[in-house]
Amino acid sequence: AEGIATEERALSERDYQSSLTGLKSSFALGQKGAGLQAGKSLMSLNQNVSSAYRKAGFATSGQIDQQKGFGQKSVWDAFKLKQEGLQSSLDIGKERASIAQQKSLGAIEQRLQGRLDQISMTPDTFGEGFWGVSDGQIG
């Protein structure tokens with residue numbers, strides 16, 4: 001019974017570690033994607049600003065600079081929000097994996113205790129076998 005429980009605990013740990021690996025991988029890919037998207041947005045913004053400078057005169061360059069600042073802030077705010085969302089998803093995922101592992105370990109211990117109780121109630125001496133009653137002790 002102990003051997004089976006030990007194997008089940010090891011399997012539960014492997015399952016937990018696998019869940020964490022998947023969560024961390026998704027988080028890392030999400031971060032890379034958010035970084036690439038922010039980079040593309042900033043590049044597009046800079047191209048639009050350069051084009052606006054060429055088309056506009058000196059008098060409107062202050063307005064263009066102001067709009068560029070707003071655009072950059074918007075890109076970075078979106079990037080930070082994406083990062084916060086990814087971190088939140090990672091944290092929640094870790095907590096769920098931890099809860100699932102604790103439930104699994106609890107079920108393993110419950111099954112083990114049930115097996116041990118069953119074994120202890122099995123007559124294991126000649127006298128217990130003869131009378132058909134166990135003293136609840138093993139051995």
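**Helix packing, an aromatic pair and a buried glutamine**

Phe79 is partly exposed in this predicted model, its relative accessibility being 21%, a value that does not fall under the 20% limit below which a residue counts as buried. Trp76 is likewise classed as partly exposed, with a relative accessible area of 40%. The two residues belong to helix 2, where they stand three residues apart, or about one turn of the helix. When aromatic rings are paired by the distance between their centres, the count comes to one aromatic pair. That pair is formed by Trp76 and Phe79, whose ring centres are 5.5 Å apart and whose planes stand at 90° to each other, an arrangement classed as edge-to-face. The edge-to-face label applies because an angle of 90° between the planes is over the 60 degrees required for that class.

Helix 2 also contains Gln83, and this residue, with a relative accessible area of 16%, is buried. The assignment follows from the cut-off, since buried means under 20% relative accessible area. When residues up to four places away in sequence are left aside, Gln83 touches Gln31 and Ala34. With Gln31 the contact includes a polar one, made between the side chain of Gln83 and the side chain of Gln31 at 3.1 Å.

On the level of whole elements, helix 1, which covers residues 2-55, and helix 2, which covers residues 61-120, have axes that come within 10 Å and cross at roughly 175°. Helix 1 is therefore roughly antiparallel to helix 2, given that angles over 145 degrees are assigned to that class. The residues that make up the contact of helix 1 with helix 2 comprise 24 nonpolar, 16 polar and 12 charged residues.

For the protein chain as a whole, the secondary structure consists of three helices and zero strands, and the order of the elements from the N terminus on is α-α-α. Of the 139 residues in the protein chain, 19% count as buried, and Gln83 is one of the residues classed in this way. Among the contacts in the protein chain that link residues at least 6 apart in sequence, 64% join residues that are at least 24 apart.

Key. Residues numbered from 1 in each chain as written. Predicted model: local features only at pLDDT ≥ 70, side-chain atom pairs only at ≥ 80, totals over all residues. Heavy atoms only, no water. Axes fitted to C-alpha atoms, helices over the stretch in contact; angles between N-to-C directions. Helix = DSSP H or I, 4+ residues; strand = E, 2+ residues; numbered from the N terminus. Parallel < 35°, antiparallel > 145°, perpendicular 65-115°, else oblique. Nonpolar A, V, L, I, M, F, W, Y, C, P; charged D, E, K, R; others polar. Phe/Tyr/Trp six-rings, centres within 6.5 Å; stacked < 30°, edge-to-face > 60°. Buried < 20%, exposed > 50% of the residue type's maximum accessible area, 1.4 Å probe, protein only. Polar contact = N/O pair within 3.5 Å; in protein donor to acceptor, adjacent residues only side chain to side chain. Contact = heavy atoms within 4.5 Å.
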